[in-house]
Structures are given as structure tokens and as C-alpha cells.
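Hi,

Here is the structure I said I would pass on. Have a look at it first, and then read on for what I found in it.

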Amino acid sequence: FLDQLEKLERAGDIDFAALAESLEKLYAQPDVHAAEDDLQLLTIHKAKGLEFDTVIVPGLDLQAGRDDTPLLLWRELVRPPDKGGASEASGGLLLAPIKATGSDDDPAYDYLRRLDRDAEDTEASRLLYVAATRAAKHLHLLACVRCDEEGAIRPPHKRSLLARAWPVAEAIFNERGFPPAAAQPAAKAETCKLKRLAPGYVLPEPPSAVGWTAPEAGREDEPEIEFSWVGETARHVGTVVHRWLQRIADDELRGWDERRVEKLVPTFLRELQRRGIPPGEATRAAELVTAALASSLSDERGRWILGAHPQARSEYRMRVRTPKGTRTLIMDRFFSDGGQTWIVDYKTSRHEGADVEAFLDRERDRYAAQLAAYANLFTGSRSGLYFPLLRGWRPKE
């Protein structure tokens with residue numbers, strides 16, 4: 001930059017327009033003599049024909065840049081060989097212009113466009129093969145996937161390199177970090193075929209919960225979390241605690257301890273302030289969030305609930321039909337342990353006085369209908385309340 005500035009300086013005056021224009025094209029050159037050969041940044045095209053001990057390919061989930069729709073598409077047609085084995089160099093030219101605004105799609109143009117996309121997909125598969133075969137010892141393919149509200153993995157964009165590897169990669173993603181559906185997952189078919197519904201088909205009603213007895217119970221969509229200590233601040237504290245307990249459970253306790261929770265206090269404070277808690281109350285509210293999470297991590301029962309289990313889910317939603325209509329129940333924690341299905345609801349209630357055990361018994365009575373509703377969702381399941389601030393546990397009687 002200083003060298004460029006010196007070139008443009010004349011008698012103390014600078015043409016700032018010329019300086020700005022020159023800086024757009026000014027880049028520092030790498031010191032090829034001082035640089036080490038241990039690390040090279042290359043495109044897949046540049047890496048063709050080379051070999052490295054370790055290859056890292058990031059961003060497989062990203063889709064290629066979208067080209068503008070061409071005004072004109074064409075393809076040379078090759079004639080099949082004649083009986084003597086000879087063939088013409090060309091059988092003509094198929095050419096199609098883009099459709100006019102407001103007109104119907106042109107079949108010839110759409111056909112040529114599909115041929116181009118098929119060729120692009122073939123080239124993407126070739127590129128992935130080239131990248132994977134550059135490694136002599138170690139290959140790391142990196143990608144991010146998205147999940148729907150139920151926690152199921154969404155397929156990658158069909159124009160991405162990850163889509164080319166998805167027949168293998170899907171099982172790896174499911175194995176590494178995403179539990180299967182909790183309640184009687186449907187067997188995955190080898191192929192998926194579109195079926196036309198019969199005339200007069202009527203969508204069936206969702207099944208009712210087995211042995212439903214308490215239609216009022218359970219958290220619904222956009223729930224108002226209940227507390228024995230009232231106030232907007234208490235409600236927001238409970239929301240943040242629920243969110244971070246879900247995060248800890250999704251991580252299966254890996255990397256979580258009380259020291260990590262302490263380091264997150266500024267994060268808790270910002271979350272609470274964004275939810276509208278006044279500055280005078282935000283610090284105390286962040287302390288309560290910290291205490292709830294730290295207690296859960298240091299409590300044997302809390303670690304059991306948040307740890308790794310078969311078919312474990314957090315914030316598990318289920319639609320049921322009740323006498324008052326269809327509704328959504330949200331279970332804070334769902335998992336299986338030793339063949340027993342558990343449904344746990346978090347309660348961030350506080351109790352300042354003595355006789356905490358009596359208080360927990362009263363809370364169980366207070367939420368008895370809710371626990372019964374959860375337990376009735378799955379035959380033979382059990383439900384319970386967990387109190388992070390009190391390290392309290394009350395299973396349904």
C-alpha cells in the first residue's frame with residue numbers, strides 16, 4: 001500500500017480517485033521462498049494429477065453458483081453409424097431460444113436445459129472422485145446438514161457435491177449425531193415411488209393417544225411455561241434454561257461441565273436482555289440460569305436424564321387427538337433406558353423455605369394430569385418432573 005501511495009504522489013498531492021481504483025487491483029504477493037510446502041490451498045481442478053498425504057475438502061453441502069438462464073441453447077446431434085460402421089460427423093443442430101416473457105415453456109429449450117444439468121451432475125461426480133483420490137493416507141470430507149423441526153436430517157441440495165455422496169453420507173450423519181425417530185420409526189424403503197391417490201380419498205384423522213384421560217394437560221405449541229414464582233423474568237429464565245438443557249442433551253454431555261457453564265454467563269446475560277429483561281434484573285436472572293445448568297451437570301439424576309440414551313429426543317413434539325380437538329404436546333426429554341421409556345418435564349421452580357421434599361410432592365400433584373398425559377402417549381412408558389434449581393426428581397406415582 002505504501003509503495004502504491006508513493007507511486008501516485010506528486011509534489012505532495014494525491015489523486016484519491018486513482019488511488020481507490022488502483023487498490024481494487026492491489027494484492028500482496030506470497031513469499032514463495034519463505035513459504036513452507038506443508039500446506040497448499042488448491043481448487044479441485046488445480047489438484048488434478050497431484051497427490052497429498054492428507055486432503056481436506058470443505059463445504060460439500062454448498063451448491064454451485066447459479067448461471068443466468070442462457071438466451072440460446074444448442075446441441076450438435078450425432079447420427080448413429082450405418083450398417084457399414086461409418087457415421088456422419090454431425091446429424092444436425094438442435095437449437096432453442098429462451099421463451100418470451102409470458103409465453104409457455106418451450107419443450108426443446110427445457111430438453112436442452114435438462115441435458116446441460118445432467119452433464120453438470122456428471123461433472124460434479126467426477127470432481128468429487130478427483131478430490132477423493134488425491135489423498136494418499138487421510139481424506140476429510142466436510143459438510144453441514146440441516147434438520148427439520150422433528151430432528152430428521154434434510155437431504156442436501158441436489159446441485160451440491162454432498163448430494164453426489166449422499167447414498168453413503170446419510171448413514172454417517174445419522175450415526176454420528178442425529179438419533180432416529182423415537183416412537184416406532186418407519187422402515188426406510190430402498191426406493192421411493194410417487195403413488196396416485198384413489199378418487200374420493202379422504203385424509204384420515206390422527207390417532208388418539210392410548211388411554212387418554214386428561215385433555216387439558218401438556219405443553220402446546222408456543223407454550224407459556226408455568227412457574228411457582230411468577231413474573232416475566234421468571235418465564236424468560238425458564239425459557240433459556242430449557243434451551244440450554246436441550247443443547248446439553250443433544251451433545252450427550254460431551255464437553256459439558258460446570259466450568260464451561262460459568263464461561264457462558266455473558267451469553268446467558270445477552271439472551272435474557274434480548275428477551276426484554278431490565279438490566280437491573282438481568283444479572284440475577286443469568287445467575288439463576290447458571291445455577292440451574294450447573295446443578296443439572298453435577299447431579300447424578302440430571303446427568304442420567306441429559307446423557308446418551310437409545311432413541312433420545314429433546315423438545316419432542318407429538319400431535320394427538322383429544323375430546324377438545326387435535327393438539328400438539330411437547331415433551332422436554334424423551335429417552336429409553338434399560339427397555340423403559342421415560343418422558344421428563346423440566347420445572348425451573350424455586351423454593352426458599354424449608355421442607356423442600358414437601359414442596360416437590362405438591363408440585364407433582366400440581367402437574368399430575370400433565371404427567372399422566374405424557375405417560376399415556378406410549379404404552380408402558382413412565383414420566384417424571386425434574387427440578388434443575390433444586391436437584392429434585394419426582395416420578396409419576
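Among the contacts in the chain with a separation of 6 or more, 64% are between residues 24 or more positions apart. Keep in mind that this is a predicted model. The chain has 397 residues, and 31% of them count as buried. As for secondary structure, you can pick out 12 helices and nine strands.

Let's start with helix H9, which covers residues 279-298. What span should its 20 residues have at 1.5 Å a residue? The expected figure is 28 Å, and the end C-alpha atoms are 29 Å apart, so the two agree. Quite a list of H9 residues is buried, including Ala 282, Ala 285, Ala 286, Val 289 and Leu 293. An α-helix has 3.6 residues a turn, so residues three or four places apart point the same way. Which elements do the buried residues of H9 pack against? They meet four other helices, H6 (232-250), H7 (258-263), H8 (265-274) and H10 (300-306), plus strand E8 (382-387).

The pairing of H8 with H9 is worth a look on screen. Their axes lie 9 Å apart, and the helices pack at an angle of about 125 degrees. That angle makes H8 oblique to H9, because it falls outside the 65 to 115 range for roughly perpendicular and is not over 145, where roughly antiparallel begins. The crossing of the two is right-handed. On the H8 side, the residues that take part are Val 265, Phe 268, Leu 269, Leu 272 and Gln 273. Their partners in H9 include Ala 282, Ala 286, Val 289 and Leu 293.

Next, find H6 and look for His 242, which sits in that helix. Is His 242 buried or exposed? Its relative accessible area is 5%, which is under the 20% cut-off, so His 242 counts as buried. Its side chain makes a polar contact with the side chain of Asp 332, at 3.2 Å.

Then there is helix H4, which runs over residues 107-132. H4 has 26 residues and reaches 38 Å from its first C-alpha to its last, close to the 38 Å expected at 1.5 Å a residue. Its buried residues include Tyr 109, Arg 113, Asp 121, Leu 127 and Val 130. Val 130 has a relative accessible area of 7%. Which residues does Val 130 touch, leaving aside its neighbours within four places in sequence? The answer is Ile 44 and Lys 48. Val 130 and Ile 44 are 86 residues apart along the chain, yet their C-alpha atoms are separated by 7.1 Å.

Last, two backbone oddities. Most residues other than glycine have a negative phi. Gln 311 has a positive phi of about 55 degrees although it is not a glycine. You will find Gln 311 in the loop between H10 and strand E5 (313-322). At 31% relative accessibility, Gln 311 counts as partly exposed. Where is Glu 315? Glu 315 belongs to strand E5, and its phi is near 50 degrees, again a positive value in a residue other than glycine.

Cheers

Notes
Residues are numbered from 1 along each chain as its sequence is written. This is a predicted model: local features need pLDDT of at least 70, side-chain atom pairs count only at pLDDT 80 or more; totals for chains, interfaces and linings use all residues. Side-chain values use heavy atoms; hydrogens and water are left out. The expected span of a helix is 1.5 Å times one less than its number of residues. Buried means under 20% relative accessible area, exposed over 50%, partly exposed in between (1.4 Å probe, protein chains only). Contact means heavy atoms within 4.5 Å. A polar contact is a pair of N or O atoms within 3.5 Å; within protein, one must be able to donate a hydrogen and the other to accept it, and residues adjacent in sequence count only if both atoms are side-chain atoms. Axes are lines fitted to C-alpha atoms, for helices over the stretch in contact, and angles run from 0 to 180 degrees between N-to-C directions. Angles under 35 degrees count as roughly parallel, over 145 as roughly antiparallel, 65 to 115 as roughly perpendicular and the rest as oblique. A crossing is left-handed if the near helix is turned anticlockwise from the far one by less than a right angle, and right-handed if clockwise.
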